[in-house]
Amino acid sequence: MATLADYGPEVRAEVKQVREVVATLHEQLIKWNLVVWTAGNVSQRLHTADLMVIKPSGLRYEYLTPSSMVVCDLDGNVVDGSEAPSSDTASHAYIYRHMPDVYGVVHTHSTYATAWAATGQNIPCGLTMMGDEFGGPVPVGPFRLIGSEAIGEGVVETLKKYPKSPSVLMQNHGPFTIGKDAEGAVKAAAMTEEVAHTMWAARQLGEIIPIPQEDIDKLNDRYQNVYGQH
């Protein structure tokens, strides 16, 4: 089994940098109320090797440091780290193997998004910000048990049907999000919870007014290609 010492200096330098990024981004999960206790995880894939950095299993957030982040290969095998990796490691690895443009994956149990997942419902696209970020509804994925790559399979299967969405609500479990890096996946997780909460509140007031798909496509194109700094 390979260890980090078997990789060259360029890879080891990127591992150091990504460990710092991933450790810091876990603080954002707490800041945006996306997790409680030890639930949830962030990972980021390397560009210099088929490796990823992921949160250790069952460690409280205040104890997370760059050195506690675990380096794994894309089959989920530990390459470097003194802690056991997240129980979702196999699913993160599956996503990276099957979605080569994805370099960040996040899982949370955020309250409103997980409530939609518990009822097996897509979050309907009733907000322009949903058109921007998700290109339509936030989809529900299949029920899969934790501990193998089955959840990853469900995420990939669902996103093939909703290619503009960076988020899947795994039924009876919670949201998994993807991004071009871990920060992008954390942003998608925060946005998922935001729209889940707002659309739940809208349901209490009355029927949600759907946005026509043609307008959703225009919103998404503008947001992805024009909005922000380039």
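Arg 144 and Glu 157 form a salt bridge, with 3.2 Å between the closest N and O atoms. The pair links distant parts of the chain, 13 residues apart: Arg 144 sits in the loop between strand E6 (140-141) and helix H5 (150-161), and Glu 157 in helix H5. Arg 144 is partly exposed, its relative accessible area being 22%. Glu 157 also counts as partly exposed, at 37% relative accessibility.

The model is predicted. Its salt bridges number 13, among them the three pairs tabulated here.

| Salt bridge | Closest N and O atoms |
|---|---|
| Glu 20 and Lys 16 | 3.1 Å |
| Arg 144 and Glu 157 | 3.2 Å |
| Asp 217 and Lys 164 | 3.2 Å |

The salt bridge between Asp 217 and Lys 164 has its closest N and O atoms 3.2 Å apart. Asp 217 belongs to helix H7 (residues 213-225) and Lys 164 to the loop between H5 and strand E7 (167-170), so this pair ties together parts that lie 53 residues apart in sequence. Asp 217 is partly exposed, with a relative accessible area of 31%, and Lys 164 counts as partly exposed at 41% relative accessibility. Elsewhere, Asp 75, Arg 97 and Glu 149 are joined into one network by salt bridges that share partners.

The pair of Glu 20 and Lys 16 lies within one helix, H1 (residues 9-31), where the two residues are 4 apart, about one turn of the helix. Lys 16 has 56% relative accessibility and therefore counts as exposed, the cut-off being over 50%. Glu 20, at 35% relative accessibility, counts as partly exposed.

Key. Residues are numbered from 1 along each chain as its sequence is written. This is a predicted model: local features need pLDDT of at least 70, side-chain atom pairs count only at pLDDT 80 or more; totals for chains, interfaces and linings use all residues. Side-chain values use heavy atoms; hydrogens and water are left out. A salt bridge is a side-chain nitrogen of Lys or Arg within 4 Å of a carboxyl oxygen of Asp or Glu. Buried means under 20% relative accessible area, exposed over 50%, partly exposed in between (1.4 Å probe, protein chains only).
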